[in-house]
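Reader: Could you take me through one part of this model up close? I'd like to hear about the sheet with the helix lying across it, and then about the charged pairs elsewhere.

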Amino acid sequence: MDKGDGLDRGKKSKPSDQLKLTEAELKENITKVLNTHNPHAPQNIVRFNYKEGVYQRVSVDHTAILFEMESNIVYQDSEEGRRLMLKQGLIKGDVAASYNFNLLSKSTFLASLFFDLSQATPVEDGGEVEEAEEEDRPDSVASKADKKGVKLGNFFHFTDRATQTLNNPPRQINCQTAPPPRSIFSATANQWQIYDAYCEELQKQEKQKATLLKKETDKSKKGVLVTETQVLTDLTEVAKETKILERMVHQNTFDEIAQDFKYFEDPSDKFRGQEGTLLPLWTFQHEETRGLSVTALCWNSKYQDLFAVGMGSYDFCKQGRGMIVFYSLKNSSFPEYVFPTTSGVQCLDIHPQHFYLTVVGFYDGCVAVYNLKKKSLEPVCKGTPKTSLLTNPVWQVRWQNDDIDNNHNFFSVSADSRVVSWTLIKHELISTETIRLSVNGGLSNVPDDEQLVNISGGTSLDFHKQTDHLFLVGTEQGKIHKCSIHYSSKFLKTYNAHNSAVYTVKWNHFHPRVFISCSADWTVKIWDDTIKVPVFTFDLMSAIGDVAWAPYSSTIFAAVTIDGIVRVFDLSINKYEAICQQLVVAKKKTKLTHIEFNPVHPVIIVGDDQGLVSSFKLSPNLRKTPKVRSCKNH
């Protein structure tokens, strides 16, 4: 032991933090079983098997590598091993010489084995070829050749011998048919000869068609006359039953939509606060209305599932035919009534008491009354104002109460600045001018030539819900006039409402002084008729097509814009923004034109410029009735 260390190296040092065990614990044998499973390997790895279509557990490798090091051991008989041994001097001289010869080239070693036998001496008779007992090395072969006097050839000069099979010569099979007969024809023809030849050919074809038609008609006339009469009589007798059967089939086909219409209430409204949604229901479109726009919508007051749709065009350069279509919620696949018209329909209205009468205004300035009880497609009566200076479109028509003689009465407003009263007397329409709109006010004793300069075209019309003689008129200049039937020379009040044409003006169903208007200047305004300034103004950032009051609440209204969005407002909840704003069209280019609330059911219908009418159900948040405030008598 070295004294300078200060340590006793003969004894084992015991760490201070070692666990102290008793003699029994030290003598106790503890067995540990080792297995091939790695406890740290994950057991919950799965992968999707596309063949079986399920997730399967993946087996994990349990091999644990404790030590790994790259080795530098080389085989002794390999070229690399011999090279290392030669470098280190572990191989003797003879072996090294033979190894150096092998390293010259692999091809040299092979060439030395196949020397030229033609230059070797022949073997004597009876002699046998001696088998080489020595190893096949180049030095042994060279020594044998020197002993026998054989001249070695050039080991690097050799030729490759190869064989090639013969390619079968290609065969060609040709056949030739006999040429078709030919003939040479030449002639001169002028235009008259060509024309005569065409006429003769056409006459021959017409004669052949005529003979065939005669034969077919003669055979079919006998049976067709009998069957046609039978079919017509059968259809008239079973028309009502077939319509009921068609509705039953339709309700079975669209049973899910019918169930949503009757029973579905959106439960997500509880989590939206005060906002609501629109649930899509049925869509209505007729094949013959393609290419036409929805220009008017109106619900029937007696049959709440029936509504009328006016078809026309707002493009003044593409005016043509029109159509009046009546749809029912019970059958969206085919309309109940269809009335084709020669001019585009611009407005319509269904009589509130006589539900079968419908008045229609056309683009050519005419008005007509249709009767659904009659089977004819023509109107009951049709007329134009006799004193009209211009044939301008009729933008709005409204039924009014019958006069003293119980004659039906309605009013119209057109682009020629006139509000006309129409009376239906014995299938004739008698018109009387109620008031003429102007830029400066009512016109009375002014020549017709000066009236043309000062006129203001009317665009919308609506009568007061409680007072029959009061009505509102919207103009192309953006003004709204409050008028009365009893005063034809002046306006009761004028509102500078909008900067563009007023598309819609409507009185509120509940409040006698409130009305609403919309325009192409992107705004919806709510008015009090005693104030010339709007009470509320809503900028919808897009041109507005139509606006409508809800029939169940005085504070709820809806508007449609040309960007395909329906907005529903409730002034009792939010006075600044819509509580529902929803895109309801599939194509971005589709423009919404009109909207109407159902008078009984929580349903709205929306029309667009593609001739499609869509129906939507209002969620519970969109049909809340305002609370009635109780007034205490003091």
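Author: Here is a walk through that sheet, then the salt bridges, then two loop residues with unusual backbone angles.

A word on the ground rules. This is a predicted model, so local features need pLDDT of at least 70 and side-chain atom pairs count only at pLDDT 80 or more, while totals for chains, interfaces and linings use all residues. Residues are numbered from 1 along each chain as its sequence is written, and side-chain values use heavy atoms, with hydrogens and water left out.

Let's start with the sheet. It is open, has four strands in the order β3-β30-β29-β28, and pairs them antiparallel. The edges belong to β3 (278-284) and β28 (592-597), each of which has a single partner strand, so one side of each is left without a neighbour in the sheet. On average, neighbouring strands here are turned by 25 degrees against each other, direction ignored. On the terms: helices (H or I, at least four residues) and strands (E, at least two) are DSSP runs numbered from the N terminus, and two strands pair if DSSP finds at least two bridges between them.

Now zoom in on β3 and its partner. Five bridges join β3 to β30 (residues 613-618), and the two run antiparallel. If you want a spot to click on, try leucine 279, whose bridge partner in β30 is lysine 617.

Then there's the helix. α8 (residues 255-263) lies across β3, β29 (603-608) and β30, and runs at about 130 degrees to β3. Contact here means heavy atoms within 4.5 Å; axes are lines fitted to C-alpha atoms, for helices over the stretch in contact, and angles run from 0 to 180 degrees between N-to-C directions.

On to the charged pairs. Side chains of opposite charge can pair when their charged atoms come close. The whole structure has 12 salt bridges, each being a side-chain nitrogen of Lys or Arg within 4 Å of a carboxyl oxygen of Asp or Glu.

One of them brings together glutamate 336 and arginine 247, at 3.2 Å from N to O. The glutamate sits in the loop between β6 (322-328) and β7 (337-341) and the arginine in helix α7 (residues 239-253), so this pair ties together parts that are 89 residues apart in sequence. Glutamate 336 is buried at 15% relative accessible area, whereas arginine 247 is partly exposed at 22%. The cut-offs are under 20% for buried, over 50% for exposed and partly exposed in between, with a 1.4 Å probe and protein chains only.

Next, arginine 513 and aspartate 528 form a salt bridge, with their closest N and O atoms 3.3 Å apart. Arginine 513 is in the loop between β20 (502-507) and β21 (514-519) and aspartate 528 in strand β22 (residues 523-528), so the pair ties together parts 15 residues apart in sequence. Arginine 513 is partly exposed at 37%, but aspartate 528 is buried at 12%.

There's a network to look at, too: salt bridges that share partners join Asp416, Arg418, Glu433 and Arg436. Within it, glutamate 433 and arginine 436 meet at 3.2 Å, N to O. Glutamate 433 is partly exposed at 39%, and arginine 436 is buried at 10%.

Last, two backbone oddities. Asparagine 406 has a positive phi, near 60 degrees, without being a glycine; look for it in the loop between β12 (394-400) and β13 (408-414), exposed at 62%. Methionine 541 also isn't a glycine, yet its phi is positive at about 60 degrees. Methionine 541 lies in the loop between β23 (536-539) and β24 (544-549) and is exposed at 58%.
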